[in-house]
Amino acid sequence: MARERPRDPVPRRQAAPQQIAPLPGTQRLEIEFDGATRSYLLHLPRVSTGDRPLILVFHGLGGQGAQVERLSRFTTLGEEHGLIIAYPNGADGMWRVLRDPRTEIAFARAVVADITRRAPVDRRRIFAVGMSNGAMMAAALGCFAPDLVAGVGLVSGGYVAPCRNAPHAPAILFNGTADTMLPIEGRRLMMPVRDFARSLGSGPNCRAQPEPLEPVSGTQPVRFACGGAEAVLWTIPGGNHGWPGGPGGAPHPDATREIWRFFETLR
């Protein structure tokens, strides 16, 4: 029997979803990419000096940048810490990265290039974050484009294969035990998230072993690290397919602030 190959889901043809307005101070920008007009949202902090870190935040399947802006609250964090925050919009509301992520990675590079023409970006501190299908996109950048992103934050994602590239970007992951959409233990083509985290924390010629970190609000984060690689996995008891600390997600931990704390250690 032929082995089943991973396929990116293709949304059914339907009327284009209503475009949600970004939050005040966030602008919608368009770029030409691969023969089409694509868009992203950009929020520049009101007060900042010098080159600033840039965080790309990728929405989930069928979503758009304005939704994950509200869900993640990264715009608020950006104002507090002087960060540049961008929310790219996927074609047809999705990120096609399961079979071949090269086109989506090229789009991310195009977005970064456009932002650097508009704002003072610290190119050593560009990060990628995503929710669900957006977590898959951020994971692809961390695995295949570590020259672009210095770290990735993955929220409620599902993954089909370990990252075997070396080097790859450090990662922090959040998954709930009650997520029925992308179960933490895996399903069909999706591998257990713990195994994926281990692959991100394993370097060349070494396999990382779990190291429990200090519990936070009843949640036990685990660190995998060896050979210069690092990944921290937060397994959230009873957590759903949502953004921890955000609307509708588990109340603890606050994934947005934990992601930024993790990124700050990567300087």
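By class, the lining of the largest cavity comes out as four nonpolar and six polar residues, with no charged ones at all. The model is a predicted one, and the cavity is a handy place to start. The structure holds one cavity of 30 Å³ or more, and the volume of the largest is about 40 Å³. Its walls are made by Ser-156, Phe-174, Asn-175, Gly-176, Ile-236, Gly-239, Asn-240, Gly-242, Pro-244 and Ala-250. Strand E7, spanning residues 171-176, chips in the most to this lining, with three residues.

One of the lining residues, Ser-156, deserves a second look. Ser-156 sits in the loop between E6 and E7 and has a positive phi of about 55 degrees, although it is not a glycine. With a relative accessible area of 1%, under the 20% cut-off, Ser-156 is therefore counted as buried. Asp-34 has a positive phi of about 55 degrees too, again without being a glycine, but its setting is another matter. Asp-34 belongs to the loop between E1 and E2, and its relative accessibility is 65%, so Asp-34 counts as exposed.

Back at strand E6 (residues 151-155), five of its five residues are buried. That goes for both faces: Gly-151, Gly-153 and Val-155 are covered on one side, and Val-152 and Leu-154 on the other. E6 runs parallel to E5, and five bridges join the two strands. One of the residues involved is Val-152 of E6, the bridge partner of Ala-128.

The loop between E6 and E7 also holds Cys-163, which counts as buried because its relative accessibility is just 5%. Leaving out neighbours within four places in sequence, Cys-163 is in contact with Cys-143, His-168, Phe-196, Ser-199 and Leu-200. The C-alpha atoms of Cys-163 and Gly-142 are 8.9 Å apart, with their positions 21 residues apart along the chain. Pro-167 is in the loop between E6 and E7 as well, and the peptide bond leading to it from Ala-166 is cis, with omega near 0 degrees. Another cis peptide bond runs from His-252 to Pro-253, with omega near -5 degrees; Pro-253 lies in the loop between strand E10 (229-236) and H6.

Helix H6 covers residues 255-264 and includes Glu-264. At 33% relative accessibility, Glu-264 falls between the buried and exposed limits and so counts as partly exposed. Glu-264 and Pro-53 are 211 residues apart in sequence, yet their C-alpha atoms are 9.9 Å apart in space.

Helix H3 is made of 15 residues, 102-116, and reaches 21 Å from its first C-alpha to its last, close to the 21 Å expected at 1.5 Å a residue. Its buried residues are Glu-104, Ile-105, Phe-107, Ala-108, Val-111, Val-112, Asp-114 and Ile-115. These buried residues pack against quite a list of elements: strands E1 (26-33), E2 (36-43), E3 (52-58), E4 (84-88) and E5 (121-131), plus helix H4 (133-144).

Helix H4 is also home to Asn-133. Asn-133 counts as buried because its relative accessibility is 6%. Setting aside residues up to four places away in sequence, Asn-133 touches His-59, Gly-60, Leu-61, Met-94 and Trp-95.

Methods
Residues numbered from 1 in each chain as written. Predicted model: local features only at pLDDT ≥ 70, side-chain atom pairs only at ≥ 80, totals over all residues. Heavy atoms only, no water. 1 Å grid on protein atoms, 1.4 Å probe; cavity = no way out; pocket = protein on both sides within 12 Å on 5 of 7 lines; lining within 4 Å. Points joined across faces, edges and corners; volume = space filled by probe spheres on them. Helix = DSSP H or I, 4+ residues; strand = E, 2+ residues; numbered from the N terminus. Nonpolar A, V, L, I, M, F, W, Y, C, P; charged D, E, K, R; others polar. Expected span 1.5 Å × (residues − 1). Buried < 20%, exposed > 50% of the residue type's maximum accessible area, 1.4 Å probe, protein only. Contact = heavy atoms within 4.5 Å. Pairing = 2+ DSSP bridges.
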